[in-house]
Amino acid sequence: PLVDRALGAIASTPGGLTASIGAVSTTLRALSDRPPGEALDEVIALATTAMHQARRGGGNQARYVTDVDLRG
């Protein structure tokens with residue numbers, strides 16, 4: 001719901017702006033065996049890929065990545 005509200009708020013601004021959002025959700029346990037910087041880099045890369053998929057889908061959309069195994 002929060003992402004939908006953000007997309008709607010951006011789309012309602014003057015100038016016809018839209019947003020493409022990529023989000024990642026995983027358990028902290030999936031990150032525990034990795035150095036923090038490495039895990040963060042991987043999460044950001046996954047979110048960026050999801051954002052690009054939303055953009056290719058026409059924009060003003062969100063794509064989600066869930067339950068990612070980042071242990072290895």
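**Questions on three residues and one chain**

Student: Where is Asn60 found?
Tutor: Asn60 sits in the loop between helix H2 (36–56) and S2. Helices and strands here are DSSP runs (H or I of at least four residues for a helix, E of at least two for a strand), numbered from the N terminus. The model is predicted, so local features need pLDDT of at least 70 and side-chain atom pairs count only at pLDDT 80 or more, while totals for chains, interfaces and linings use all residues. Residues are numbered from 1 along each chain as its sequence is written, and side-chain values use heavy atoms, with hydrogens and water left out.

Student: Why is Asn60 called partly exposed?
Tutor: Buried means under 20% relative accessible area, exposed means over 50%, and partly exposed is in between (1.4 Å probe, protein chains only). Asn60 has 29%, so Asn60 is partly exposed. Asn60 also has a positive phi of about 50°, although Asn60 is not a glycine.

Student: What makes Leu7 buried?
Tutor: The relative accessible area of Leu7 is 8%, and therefore Leu7 counts as buried. Leu7 lies in helix H1 (residues 2–11).

Student: Which residues does Leu7 touch, not counting residues up to four places away in sequence?
Tutor: Leu7 touches Ala19, Ile21, Asn60, Gln61 and Ala62, where contact means heavy atoms within 4.5 Å. One of these, Ile21, is 14 residues from Leu7 in sequence and 8.5 Å away in space, C-alpha to C-alpha.

Student: How do you know that Tyr64 is exposed?
Tutor: Tyr64 has a relative accessible area of 51%, so Tyr64 is called exposed. Tyr64 belongs to strand S2 (residues 61–66). Leaving aside neighbours within four places in sequence, Tyr64 is in contact with Val3 and Ala23. The C-alpha atoms of Tyr64 and Pro1 are separated by 13 Å, with the two positions 63 residues apart along the chain.

Student: In what order do the elements of the chain run?
Tutor: From the N terminus on, the order is α-β-α-β, from 2 helices and 2 strands.

Student: What is the radius of gyration of the chain, set against a compact globule of 72 residues?
Tutor: The chain has 14 Å, whereas such a globule would have a radius near 11 Å. The radius is taken over C-alpha atoms, and the globule rule is 2.2 Å times the number of residues to the power 0.38. The C-alpha atoms fill a box of roughly 45 × 20 × 20 Å along the principal axes.

Student: How many of the 72 residues are buried, as a percentage?
Tutor: Buried residues make up 19% of the chain.
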